[in-house]
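Welcome! Here is a short guided walk through a protein model, written for someone meeting it for the very first time. Please take a look at the picture, then read on.

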Amino acid sequence: SGVLWLIAALCILPELALHLSGNPGFLRGKLLQNFAFWPGLLGGGWAPNYPLQQGAMFVTYGFLHAGLWHLGFNMVTLVSLGRPLLDDLGARRFTLLYALGLIGGGVGYAIFASKPLPMVGASGALFGLAGALVWQHFAEDWRERPHAEALRAAIRPVALLIGLNVVMFEVMQGQLAWETHLGGFLAGAAAMAVMLRGARTRPQETPADSD
C-alpha cells in the first residue's frame, strides 16, 4: 500500500543519505542533535536547536535509526503488522493510528526514561500497531468467547512482547528504549479501542426502499 511505502521511504531516506555522504559520522551527529528525542529538552534546562524542537521530536525521532540492522528489523515489522491493520482500517485511520503510536512512544520515553540519552527508531509506532492488533483480537474474542478465555488469549501476546523486550534489553546491554515501546503499545491499544467503539456506535445506513 502507498501508506506503508511512504512511511518506509521516510525511514529509509535518512539512513540512505548517511551512507551516501562523504562524512556519515558528522551527518548522523547532526541528525541526532536536531531530530532525535532528547528528554533533556523537556524540563531539563536544555536549549533547543530550533523553535518547536521540543514538540517536533515527538514525531521526528521515529524516522531516524541507529543503523541498517535497526532500520531493516523495523521495516520488516512495519510490513508484517501494518498490512492487516491497513486492510481493516483503511489508509486514513491507519495513518492516524501510526501517528498516535509514534507520539505515545515519545510520551512514554519522556515519562519513564531515567537517563538523558537520545532515542530514535520507529518502534514506538510499531508497538502502537502491536497494541492495536492485540486490542482488536481481544475485543473480538470478548464478544464471541467466554470472558475468561478472551482474557487468557490477550495475555499471551502481551507476555510474549514483555519477554521479547527483556531479552532484547539484556542482549543490547540496556540500550533499549522499552519506555518507548510501552508508551506506543498503550497508545495503539487505546486508539484501537476508540476506533472500534466508534464503528459500533455509528448508525447503520438504511437502504432506500424502491417501492
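## A guided look at the salt bridges, core and surface

R28 is partly exposed, because its relative accessibility is 24%, a value that lies between the 20% limit for buried and the 50% limit for exposed. The model in front of you is a predicted one.

The side chain of R28 joins that of E15 in a salt bridge, with 2.7 Å from N to O. This pair ties together distant parts of the chain: E15 belongs to helix α1, while R28 belongs to helix α2 (residues 24–35), and their positions lie 13 residues apart in the numbering. What is the relative accessibility of E15, and is E15 buried or exposed? E15 has a relative accessibility of 4%, so E15 counts as buried, given that the cut-off for buried is under 20%.

In total, the model has three salt bridges. Here they are side by side, with the distance between nitrogen and oxygen.

| Salt bridge | N to O distance |
|---|---|
| E15 and R28 | 2.7 Å |
| D141 and R145 | 3.4 Å |
| R145 and E149 | 3.5 Å |

R145 appears in two rows of the table, paired with D141 and with E149. D141, R145 and E149 are thus linked in a network of salt bridges. How do these residues sit with respect to the surface? D141 counts as buried because its relative accessible area is 16%. R145 is partly exposed, with a relative accessible area of 33%, and E149 is partly exposed too, at 31% relative accessibility.

Now for the overall picture. The protein has seven helices and zero strands, and along the sequence its pattern reads α-α-α-α-α-α-α. The C-alpha trace spans about 70 × 45 × 30 Å along the principal axes. Of the 211 residues of the protein, 42% count as buried.

Let us step inside. The largest nonpolar core has 48 residues, and those that touch the most other members are F37, L78, L85, F94, L97, Y98 and L129. Which elements give two or more residues to this core? They are α1 (2–20), α3 (53–60), α4, α5 and α7 (178–201). The largest share, 12 residues, comes from α4.

Helix α4 also takes part in a feature on the surface. D87, D88, E140 and E144 form a negative surface patch, and both α4 (68–112) and α5 (123–144) supply at least two residues of this patch. One of the patch residues, E140, is found in helix α5. E140 counts as partly exposed because its relative accessibility is 31%.

W135 is also placed in helix α5. With a relative accessible area of 34%, W135 is partly exposed. Where does V166 lie with respect to W135? The two are 31 residues apart along the chain, and their C-alpha atoms are separated by 22 Å.

A last stop is L13, which is found in helix α1. L13 counts as exposed because its relative accessibility is 52%, and the cut-off for exposed is over 50%. L13 and F63 are 50 residues apart in sequence, and their C-alpha atoms are 8.8 Å apart in space.

Note on methods
Residues are numbered from 1 along each chain as its sequence is written. This is a predicted model: local features need pLDDT of at least 70, side-chain atom pairs count only at pLDDT 80 or more; totals for chains, interfaces and linings use all residues. Side-chain values use heavy atoms; hydrogens and water are left out. Patches are made of residues with over 30% relative accessible area and no salt bridge: like charges are joined within 9 Å, nonpolar side chains (Val, Leu, Ile, Met, Phe, Trp, Tyr) within 5 Å. Accessible areas come from the Shrake-Rupley method with a 1.4 Å probe; for residues, only the protein chains shown count as cover. A salt bridge is a side-chain nitrogen of Lys or Arg within 4 Å of a carboxyl oxygen of Asp or Glu. Lys and Arg count as positive and Asp and Glu as negative; His and the chain ends are not counted. The place of a charge is taken as NZ of Lys, CZ of Arg, CG of Asp or CD of Glu. Helices (H or I, at least four residues) and strands (E, at least two) are DSSP runs, numbered from the N terminus. Buried means under 20% relative accessible area, exposed over 50%, partly exposed in between (1.4 Å probe, protein chains only). A nonpolar core is a set of buried Ala, Val, Leu, Ile, Met, Phe, Trp, Tyr and Cys residues joined through side-chain atoms within 4.5 Å.
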